[in-house]
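Hello,

Here is the structure I promised to pass on to you. Have a look at it first, and then read on for what turned up.

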Amino acid sequence: MFFERPESGEKAILVHINLASPDANDNPKELEELALSAGADPVEWLTGSRSDPSPKFFLGKGKVEELGELVRLHQAELVIFNHALSPAQERNIEREIQCRVLDRTGLILDIFAQRARTHEGKLQVELAQLEHMSTRLIRGWTHLERQKGGIGLRGPGETQLETDRRLLRARIKAITARLEKVRKQREQGRRARSRAEIPTLSLVGYTNAGKSTLFNRITEADVYAADQLFATLDPTLRRLELADIGPAILADTVGFIRDLPHKLVESFRATLQETVEAALLLHVIDASDEERREHIHQVNKVLHEIGADETPSLEVYNKIDAMEGVEPHIDRDDTGVAIRVWLSAQTGEGVDLLMQALRERLAVDMFHQYMDLGPEQGQLRAQLYGQNAVLSETVNEDGRIQLEVRMQTKDLRRVLSRLNIPAERYLTAPEREW
């Protein structure tokens, strides 16, 4: 925010307070993973319990004094709270302990800022940071709160704080406009794929569930994948060929997390629109994680927030290589529809089952029949061969050609339309037994 980032890891004190409301309590282990992902060096924990947060310090007075002693003892440079703090609480704690304070939201924003690589990703993170920062400006300008007076010191009639707020608003407005342009470009791409009837598959899931590893395994891409939170930030799209289905687009998206900052969700709406518009969501779940049920709940919560909760989904239980006695398999509902696939993206076990489930879930009307063509229908024959749809060919004594054709019905309709041949001529023929 207003501090230079040191080149080495900062010594950090982590604070977790158990509150009476269970919904307000985040996982302490997850905070430590977030801190490590941000490059911090956690040296000590401060824990405690309260019925409700203190309006002034969030903590009680005694805990604030204990926190100050820990900061001095370890010469810590940063205190990270596993909670959302108000700007006033941040400011008051900093004043008491003489150390920089960061809440959970600020920490997640910092990690996103480090991981953004593309121009769009950087814009999205900067927008979320600026909107978060706008409520915390006073921390950096306590010495310039009042307007100056006197000869030669009269300014434009606004404090430094007001000037910064005005500049922030201008920057936020500019970034929002540029992201709107990005959103329109993405919308054009989606419309083009829709016209070509290419389905989009979107990988979603809790952070560090293995989405990018699975993405690389399926598409043979080289997307950065690591055992850390928010390893993937910038969305990646790759073309995928599915037998009997044809081309599809697979999208790797940012991981979700409990209490994902609302401003961050808003900023990434252009990216997450790929998820909303997807034909099928692949919900990747770390099957070996003890808290997988809670993680599933949190992902569904974010999907609801962005309006993607009605999109069809297939659960992918990943990392079975870290579990004992679990073999790759497909779970089906009462009607036989694949709803869950168990696999390991790391070793590749069960990926073939995932591809089978995808073909089933995306299955479209297939045309598999014999077609009788006259000698004059060479163009149609050439088009069918061009679509790799001809399985066999025989020529009768009268010169008529009999082709065994297998292709999607919509593709055959398109071919017949291009050649001005009535679709009913072939699509109403009785299907042959194979």
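**Strand 8 and the salt bridges**

In this predicted model, strand 8 (residues 280–286) is mostly covered, with seven of its seven residues buried. Leu 280, Leu 282, Val 284 and Asp 286 point one way from the strand, while Leu 281, His 283 and Ile 285 point the other way.

Strand 8 has parallel neighbours. Strand 5 (residues 200–205) is joined to strand 8 by five bridges, and Leu 201 has Leu 280 as its bridge partner there. Strand 9 (residues 313–318) also pairs with strand 8 in the parallel sense, over six bridges; here Val 284 is matched with Val 316. Together with helix 10 (residues 292–305), strands 8 and 9 make a right-handed β-α-β unit.

Now for the charged side chains: the count comes to 11 salt bridges. Among them is Glu 66 with Lys 63, whose closest N and O atoms are 3.5 Å apart. These two are separated by about one helical turn, because they sit three residues apart in helix 2 (residues 61–74).

Glu 126 and Arg 171 form another, with a closest N to O distance of 2.8 Å. This pair links distant parts of the chain, as Glu 126 lies in helix 5 (residues 119–133) and Arg 171 in helix 6 (residues 160–195), 45 residues apart.

Arg 239 and Glu 241 also meet in a salt bridge (3.4 Å, N to O). Arg 239 counts as exposed at 53% relative accessibility, and so does Glu 241 at 52%. Finally, Glu 315, Asp 331 and Arg 340 are joined into one network by salt bridges that share partners.

Best wishes

Note on methods
Residues are numbered from 1 along each chain as its sequence is written. This is a predicted model: local features need pLDDT of at least 70, side-chain atom pairs count only at pLDDT 80 or more; totals for chains, interfaces and linings use all residues. Side-chain values use heavy atoms; hydrogens and water are left out. Buried means under 20% relative accessible area, exposed over 50%, partly exposed in between (1.4 Å probe, protein chains only). Helices (H or I, at least four residues) and strands (E, at least two) are DSSP runs, numbered from the N terminus. Two strands pair if DSSP finds at least two bridges between them. A crossover is right-handed if, with the strands pointing away from the viewer, the path from the first strand over the helix to the second runs clockwise. A salt bridge is a side-chain nitrogen of Lys or Arg within 4 Å of a carboxyl oxygen of Asp or Glu.
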